[in-house]
Amino acid sequence: MLLMSRLASLESRRGWQVFLILLVLTIVLVPVLNLTLPPESPFHVPTYMLSLLGKYLCFALLALSLDLIWGYAGALSLGHGAFFALGGYCMGMYLMRQIGTRGVYGNPDLPDFMVFLNWTELPWYWWGFDQFWFAALMVMAVPALLAYVLGWLAFRSRITGVYFSIITQAMVFALMLAFFRNEMGFGGNNGLTDFKEILGFNIQAQGTRIGLYVASAVVLALGYLISRFIVTSKLGRVLMAIRDAESRVRFLGYSVTNAKLFVFTVSAILAGIAGALYVPQVGIINPSEMSPGNSIEIAVWVAVGGRGTLFGAIIGAFTVNGAKSFFTGAAPEFWLFFLGALFIVCTLFLPQGIVGFAAQMRARIARKATPAPEEVGNAASKHRA
Amino acid sequence: MVRISGRIRAAAMGCAVAVSALLAGAAQAAEPIKVGVLHSLSGTMAISETTLKDTIMMMVDDLNKKGGLLGRPVEAVVVDPASNWPLFAEKARELVQKDKVVAVFGCWTSVSRKSVLPVFEETNSLLFYPVQYEGEESSRNVFYTGAAPNQQAIPAVEYLMGPEGGSVKRWVLAGTDYVYPRTTNKILEAYLISKGVPKDDILINYTPFGHSDWQTIVADIKKFASAGKKTAVVSTINGDANVPFYKELANQGIKATDIPVVAFSVGEEELAGIDTSNLVGHLAAWNYFMSVDTPENAAFIKQWHAFTKNDKRVTNDPMEAHYIGFKMWTQAVLQAGTTDVNAVRQAMYGQKVRSPSGYDVVMNTNHHLSKPVMIGEIQSDGQFSVVSQTDDAIKGAAWSPYIPESAKLTADWTFPWVCGNCTEPKFGAYAK
Amino acid sequence: MATFMAAFMIAGLVVCGITLGAFAASTARADAYTDAIAGLASPGFAEKAAAIEALGRLGDSRAIPVLEAMADNQLYTRKADGRLVTGSGGRDITLTDAATGEALGPATSRDLTRINANNAIRTAVGAAVGRLQIGDPDPAKRLAAAETMVRSESPDTVPLLRDALAREQVEDVRAALTLTLAKLSLSSADPGERLTAIKDLSSRLTPEVRALVTPLTLTKPDGTFAEPDPQIRAAATELLGRIDTRLMLTELALNLFQGISLGSVLLLAAIGLAITFGVMGVINMAHGEMIMLGAYTTVVVQQAFREYIPAEFFGLYLIISIPAAFLVAGAVGVAMERGIIRFLYGRPLETLLATWGISLMLQQLVRAIFGAPNKEVSNPGWMTGAVEAMPGMVLTYNRIAIIVFAIMVLAGLAALLRYTPFGLQMRAVTQNRSMASAMGIRTGWVDAMTFGLGSGIAGVAGVALSQVGNVSPNLGQGYIVDSFMVVVFGGVGSLWGVLAGAMTLGIFNKFLEPYAGAMLGKILILVFIILFIQKRPRGLFALKGRAAEA
């Protein structure tokens, strides 16, 4: 009963309505429009759009995870690509093992690239990945472990602000270089690819695609609720206090290290799950996901949407990636100008992102009955109201 | 929020309408045949790939001037996958499913090809891949117009082992750490050992992408070469890393007459970024050089200069591969009388094109070309002078006989094999 | 006057006589010479090589220009009459008859068929020219001759070399001759000669000697020794041991140099960031693009020099590029600061996003203007080549120049901050903005100038980095992560920290690389930085006091 009321309090009544409507729209309507309508119909959602949306959903979960640590705890991780990619690699390893003898060289145990490198047996860290449950566990455990160790090192030494960003960047860069090495046993630059099936379903089949899409949407919704649960809890308030005045919170007797460590680890797990859902949909995972530029881009999504608001992160991921997909096709020579300009305009004119801007607008429309009490930074509380 | 995204959407719609209106205005009455161009125009690979996009644009332009194909104009749909491998897959899907292109010309790196491969296989559409690569692949949906290892690496090493190349006895295999150098070096190592070169006389070295500080490695090469036997470097160093590598070589005074370096990824385009006066005599192996003296090549270069309105632009091997690929595709479409993928694929086999290198290049049933191999030495003007070339075209081998696992495999997409990696024909029973 | 005239006439006669004598001598060999010259045009590689060797043996110095032309790909047959000619010049070629030296006037490449040279031909030419030049009055040519003759495998040059050595006075040339002679005698059948050769070499602890001696200590595949005489073997082993000890030391020194060189590259890349990020707190992701702008400025200046300035001043283009790059990158920096960044002070993480956007746009802009492929930047003459500081330790001039330049830039910047009014104002603004403003300092102006300074210095770094690496639109991306690592490792806001950070990382990297490989070395460095920041969260040279907490 307590749980129910806690759940209900996550969102206002209108918030729940919006949430459920969006959920139904994404989970039910899109696949239905894809499957039932003929391709000529103007409402038909073509398959490429479906897989595109599936990808965006994973990015949205990734943005959400970064928002949790950056927007609420104030620590900008420029290494979230690493957690995403590690989750992806765990899933990729499972998918590689599912290929079995259908690989190019037909080896039942070893993936093609290992056969090629003259390896004779599976390295120990690949053991167990033929089981889905194990891979699924690792998808969460590996990023969590890395985040825990890195976070423990960083938060214990009170590394904050830019320094934290730089060491996470160093971490993701080092990991990228490590995964580039063919000796690591993760396929080097090409990474893991050529997947055949997941849980026995053909990975290229329309049904599987829709299944993965729906799974991504459901997981995003769950991720949103979990994040919401955290930020509306007492811990969430402590986190926001840390963000705004870390030393003061420390002096008040809260364990800043533990609070941050917890949320960083949760954030890494969410990022890992996002990666795991992403890999079967795009069909490849390779070290370029860990390039420092990609991780900076994640921060850009969050900033564009509005950091410190969970909804904003999701909107940001959709907006930036949608713009990217559109412009790389419509203006292949100039899209970087559009994208660059978008970032600049957002930081200059929408300091609280799209969500903050919307909140500002709504406040203004409300004819300043109360002279804008909600500092735009608190768009999250706006949502709750 | 609603307002702003609405605005963005409106702006985007406006853009799209404007663009399509422009295109519609330019197009002729008949429905155009669309081909996709999938080359990075931004990011790290833009250095190499933008030229290839221009090549296809030139070919399309030329074809339209000649009246198009099957009485219809041809339209190139250009997208920018931005050197981002998953984006390659997304854009490939967009080209095939949204823009309904009938063939795609694109990709440079192996990983980008691996990334789009499932899309082309799932949608049964065609990709023309113009870059020298590691082999070990033959997809029903890809035509490989670049060189396989047996069309580049082995002839180059053979040349260096011979008296004209300086009877090299000791080998440094230096490459960037990814699949193409790994495969090439693996094949070369097996080949060299089969020719009686002891293992101690082979040094293999891998460096990361974009490696810029070559002091240690060049010093190591010098040290390795000072063992008293004639030494050569076989370089599979990728793109960006080459400029600092060659600069370091030149500055440390390594002359081609002492330690020749033969490269498989350095062509005219890469040399345009280097002062070659100190690099004279270092080598490269390709299927085409800009300096080849044939009427076909002169016409090709002239067309290129006219199209780019710049008579300093160089041509290179992957451009020639795209030229061949596009010509072949055009011929196959004409022969099939349709752009239907299955019909075109069938018509591609045995298709012949007179290439700028002056040979009749043929498409084989393993989706690789038969091409000549040329060895060129770098000149002080940034061009190559051909010092050796094969008498006949060499057939590209998808599977290398020097790698035991792959030696068993056959690629042949015609009856009775109909398979890219089989040990026995799929329809062997029917053939009997 | 009359005596003078007489002397003149006598001198003239003598000259005539000598010329006539030489002519007579050469006509005696004329047939062999013309035959050999004609042989250069033979179709096969082996025949060409034989002709070259024959020319070397003939000892006729007229062959030198012909052979050199051949090595430079400037030997042709004229299509009209099949005559073998040498040509010089690019588009309009001035012809000379190869056999007679008769001037044949201009021609174009269309009239000629080139006789292609390859490495083997060039090696053969080197040996032949060496033979012909071993008695040349110019010591530099003799040195070159002695060095190229090492590569010729023919033992019949031994007497020639002995003669030359006996006559030789210049130490460098003697050394080269001894080496060449020793190499040839090491393969001699006479054990005594081989032993003498080793003794001759025993004072030269160089890699070349190591290469010569090593084969003597090896065993053949059938288990027997390559060198049958145990005494010679012992001498060779002993010499080899001494060389290896020496080379180990050399290698250590070389590693140190390479480390310092890499460190100075890192220093140059990071020093501008030490201002924009370190002093001003802007997470300047467009820093790499400032370096790129500097490099492209160098390209433009170089192009202008090629087109408008006489070739002899070409080497100066790099000097002119330095202020030009400073101005270009500095101006872009000021524009960035005034247009965008000044609205973002106090929100460092948002400067990251805005500058990231700027960097994307700058990259695409450069790509649109200059095209995506690499641009060529040539090293000026004075930066090409290398000096051999110790045997086996080659220090390239461009690396030395970059080390010196990096130190100069750092020193100049430190002086600027320390001793100029602008430096004073800048420090005042960073330490206490409101107080500085109250004292009448135009803080906005100082901000713009400071950012411009940092960007300008990044541009200057671009000039230097264009000499060792690529010039492409992606140039900046390669340096940005490293630059941040250096600044954070060294300590934000401290110039000396940047120096120490860059040098530590550079040297550390170069000492790791031989053992761990380039890739693993870099990974280890990054892990090291992560762990180091745990220990010293503010870097090597941390600022103390209130400013550090801000």
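Across the interface of domain 1 and domain 2 of chain B, the rule finds zero salt bridges. The model is predicted. Polar contacts do occur across this interface: 18 residue pairs, with both residues of each pair at pLDDT 80 or more.

Which elements supply the domain 1 side? Helices α2 (46–65), α10 (295–308) and α11 (317–336) and strand β13 (369–371) of chain B each supply at least two residues to the side that touches domain 2 of chain B. Helix α10(B) gives the most to that side of domain 1, with four residues.

The two domains are each built from two stretches of chain B. Domain 1 covers 28–148 + 297–371, and domain 2 covers 150–292 + 373–403. The table describes how domain 1 and domain 2 of chain B meet.

| Feature of domain 1 and domain 2, chain B | Value |
|---|---|
| Distance between C-alpha centres | 28 Å |
| Residues of domain 1 in contact with domain 2 | 34 residues |
| Residues of domain 2 in contact with domain 1 | 35 residues |
| Area buried between the domains | about 2900 Å² |
| Share of that area from carbon and sulfur atoms | 54% |

Chain C holds an open sheet of five strands. Their order is β4-β3-β2-β1-β5, and the pairing is antiparallel. Strands β4 (103–108) and β5 (112–114) of chain C stand at the edges; each has a single partner strand, so one side of each is left without a neighbour in the sheet. From one strand to the next, the twist averages 40 degrees.

How is β5(C) joined to β1 of chain C? Three bridges link β5(C) to β1 (residues 75–78), and the two strands run antiparallel. C:Thr77 stands opposite C:Thr113 in β5(C).

Technical notes: Residues numbered from 1 in each chain as written. Chains lettered and ligands numbered in written order. Predicted model: local features only at pLDDT ≥ 70, side-chain atom pairs only at ≥ 80, totals over all residues. Heavy atoms only, no water. Pairing = 2+ DSSP bridges. Axes fitted to C-alpha atoms, helices over the stretch in contact; angles between N-to-C directions. Domains from an automatic or database assignment. Contact = heavy atoms within 4.5 Å. Buried area = accessible area lost by both parts, 1.4 Å probe. Salt bridge = Lys/Arg side-chain N within 4 Å of Asp/Glu carboxyl O. Polar contact = N/O pair within 3.5 Å; in protein donor to acceptor, adjacent residues only side chain to side chain.
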